[in-house]
Amino acid sequence: MIPVIFGLTLRQLVRQRRTLLLVLLAVLPVLLALLFRFTAEDVTPARFAANGLFAGFIVNLVLPLTALVVGTAALGQEIEDGTVVYLLGKPLPRWMIVIAKVAAAWLVTAAVVVSCVVASGLIVLTGEEGYGLVLAFVVAVLAGSLTYSALFVGLSIRFGRALIIGLAYVFVWEALVSLFIPGVRFLSVRAYTLGVADAVTDAPARIFEASLAPGPAALLLTVLTVLITAYAIRRLNAYEVSERV
Amino acid sequence: MTGHPAIEVSGVSRWYGNVVAVNDVTFAVQPGVTGLLGPNGAGKSTLLHMMAGFLRPSSGDVRILGESTWGRPELYRRVGIVLEREAVYGGLTGYEFVRVNARLHGLDNPHEATMRAIELVDLGAAKDRRTGTYSKGMKQRIKIAAALVHDPAVLLLDEPFNGADPRQRLHLMDLLRQMAREGRAVMFSSHILEEMERLGDGVLVIVAGRLAASGDFRAIRRLMTDRPHEFLVESTDNRVLAQALLGDLAVSGASLEGDRLTVRTDDFTRFTEQLPRIAQAARVTVTGLSPLDESLESVFEYLVAR
Amino acid sequence: MTTPPNPQATPPAEAATSNIYDLGYRRYEGERLGRRDAVLALYRESLRGAFGLGRSTASKVGPAILIGIALVPALVQLIIAAVIPIEAELIRAEDYYGLITLVLALFCAVVAPDIVGRDQRNRSLTLYFSRAISRTDYALGKLAAMTTAMLAITLAPQVLLFAGNALGTQDFGGFVADEWTQIFPIVFTATIGSALIASIGVVVAAQTPQRAFATVGIIVAFVLPLFIASILVQEIGTEVLRPAVFISPLDLLDGTTVWLFGGTLEDSVADQAGFHPATYLAGCLVITTIAVGLLLRRYAKVQA
């Protein structure tokens, strides 16, 4: 049953105009990489890739934005237009719906952002030794996008205005708060993502300002993903369809 | 059947904060077509959503085929639901839409079931077009197909005739009657009285969240003996007849407007017995007698005004 | 509906069956205000709606919070000035914008979809376009309302700051006498900044009736160029890439502001791009003009 919902959601997500816009967004880092390749003079590729491109642009902007738009659409769209009844009125436990939705959101987000990382990374780092940095960020993005997807799917079950709230989380909480209040960094998915990248690569963490050590980062990502998914399942189980949305 | 009524609602209420949408409703529904009638905002939709397991009763119990409806997904194997909102998966073709529903029901042969359901609603010609291109009536029919694909024993429809043109209405009525004939329990809601009159075997009247009446609507009418019946009488001499009628206990009022004689009576049985005798004694021939308020509309108005 | 079957019934005198009732309906014979007043009314109502006046409490929350945040540094300055007699200015006028640039963009992202989106959602555009105002008037009226709202949120803190700094120096009169020339750059930058941010916000919001998407769009429209300009100009930093600063409205605004206040750019994208600040000002104006042009085109073409 999960594969059916998964496939249905994929089909819905890919059809929408917003997904196209997200793909365009993901092309930008590739363009930047090309510009780097052809014009850069005295910046080390590794530094640029890690700091400017991967951490600075992709993890900071492309990943959360993509996860936000895809995650809130995965189930949120159906809740909003009423087609969610076709999923709820079936002989299948609701947790399956949540899992399928999170998985679909994850797949689409990861596909877009990982391609972005790989493409731009290869362009910047050709000829350098060690694509370790690319690998590190692929792993990090895979992990971070899972947590983000769970978060935004969960938000869309709880709130009608999930997109705005998610936007506030990304651009207010993660951006401003995490920068100015160090103690709170352990509540930022972005920080976890960077921490995971740190775990995989042996480039010094200072290059891309990972503020969390790899161990705690990975742990927090896992715990948070599980907790959020459990919460989402609970909320969907209690979810009531009202006649006029 | 296992001996349980198809749908059983016991002491069910639903409130939202201070607003009570459904107020202590109790009824049981057997196979056949049953109509849920009430004005807009009476709570029909809320009641249907609770029967469909989409809304949790604030108090009381809703059961379908003996099982509680809230939080029991297994029940959906035997229940088909068609809600009012127009939304369907616009990107899928009609066929794909019904088939995905079939697959989500876990049917062994989704293709066959899908084709059957599509034939039932007469959408074979349009099945390979995207539902986003369907007209409103076609969307309604494809929703019904999706609700029937798993051959449910109970069918719930929320305002299915809303916005349907006369031909679609007829077709849908035939379909629902056929479903009922095959042993299913079909419950539909409406605020349009003609639909009830023509289709409902039984009717449940919901007014302001309460169950105001249930049963055959003509029988309900009979039950309300405390309300005056009104008749239009045509005769060879209305004025003389009116005078004579007013002498009888059964008649509570008679009015003459130009050529129209309307007679009000509190006692239906006595009046129908006495009218011929009184007319004969007054040497007036009654040429026409018609009830003025036998329709569902007057039943309805009466209940609403109560 | 039951109709009594009465084949012989002929309607008696007309008065018994058909009637038109005089309910006192009157035509409007008064003055009809023209186009100018219509536009002014549109402007006024849009402006009020932007701050949630005349609407539910919920619609006041967003703007109120953001205005509050924008005022925080100025308030802090005021409070400190009142409590501790220090001579120095803690926050200078030109630094202020750097601090609250994002807040300004957020304010626009929250308010613009409301100003422009409601009419698209409710399909009131038909109504507007069948009245005395033309499509251009409508677009410009909405833009003016948004710009005014932005002016409010840009100037209010500056006024507060000015007052705060004046009080802080213990010599109010003297301060004013020395610093009154500051008013020109303050007002001028506020105007340019408001026009720039408002026009971008409104043209993005006009693309879609859905609030959430418009908000995301506006934020992306400001933040994305910030990132790109920062990467191209600062991270990579080669000369040929320096013009990239011109795609980022907020950076251009930054450069313009500092220049107009006569200060020095420090370590910002605008600084590293190394162009003469006057070009930044020109850039702001050009972007504003383009945005307004796109806005007018959008409303000329939109289906009402």
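The largest nonpolar core of this predicted model holds 225 residues. The residues with the most contacts inside this core are Val113(A), Ala145(B), Cys108(C), Ala112(C) and Met146(C). Helix H6 of chain A, spanning residues 94-125, contributes the largest share, with 18 residues. A second core, separate from this one, has 16 residues, among them Leu241(B), Ala242(B), Ile278(B) and Val284(B). As general background, nonpolar side chains tend to be buried together in soluble globular proteins.

For a closer look at the main core, Ala112(C) is a good place to start. Leaving aside residues up to four places away in sequence, Ala112(C) touches Met146(C), Gly201(C), Val202(C), Ala205(C), Ala214(C) and Ile218(C). One of these partners, Met146(C), is itself listed among the residues with the most contacts in the largest core.

Turning to the strands of chain B, strand S1 (residues 7-16) pairs with strand S4 (residues 59-64) in the antiparallel sense, over five bridges. Within this pairing, Val9(B) has Val62(B) of S4(B) as its bridge partner. S4(B) also pairs with strand S5 (residues 67-68) of chain B, again antiparallel, over two bridges. Here Arg63(B) is matched with Ser68(B) in S5(B). The hairpin of S4(B) and S5(B) has two residues between its strands, and Leu65(B) takes a positive phi near 50° in this hairpin.

Further along chain B, four strands make an open antiparallel sheet in the order S12-S13-S11-S14. Strands S12 (251-257) and S14 (286-291) stand at its edges; each has a single partner strand, so one side of each is left without a neighbour in the sheet. From one strand to the next, the twist averages 25°. S12(B) and strand S13 (residues 260-265) of chain B are joined by six bridges in the antiparallel sense, and Ser255(B) stands opposite Thr262(B) of S13(B). Helix H8 of chain B, residues 238-246, lies across S11 (229-235), S12 and S13 of chain B, running at about 165° to S12(B). The helix range of H8(B) takes in Leu241(B) and Ala242(B), both members of the second core.

Finally, chains A and B meet in a contact that takes 25 residues from chain B and 20 residues from chain A. On the chain B side, helices H1 (44-51) and H2 (94-104) each supply at least two residues. H2(B) provides the largest share of this side, four residues. By character, the chain B residues that touch chain A divide into twelve nonpolar, seven polar and six charged.

Technical notes
Residues are numbered from 1 along each chain as its sequence is written. Chains are lettered from A and ligands numbered from 1 in the order in which they are written. This is a predicted model: local features need pLDDT of at least 70, side-chain atom pairs count only at pLDDT 80 or more; totals for chains, interfaces and linings use all residues. A nonpolar core is a set of buried Ala, Val, Leu, Ile, Met, Phe, Trp, Tyr and Cys residues joined through C-beta atoms within 7 Å. A residue is buried if 20 or more other C-beta atoms lie within 10 Å of its own, exposed if 12 or fewer, and partly exposed in between; C-beta atoms are placed from the backbone. Two residues are in contact if their C-beta atoms, placed from the backbone, lie within 7 Å. Two strands pair if DSSP finds at least two bridges between them. Axes are lines fitted to C-alpha atoms, for helices over the stretch in contact, and angles run from 0 to 180 degrees between N-to-C directions. Ala, Val, Leu, Ile, Met, Phe, Trp, Tyr, Cys and Pro count as nonpolar, Asp, Glu, Lys and Arg as charged, and the others, Gly among them, as polar.
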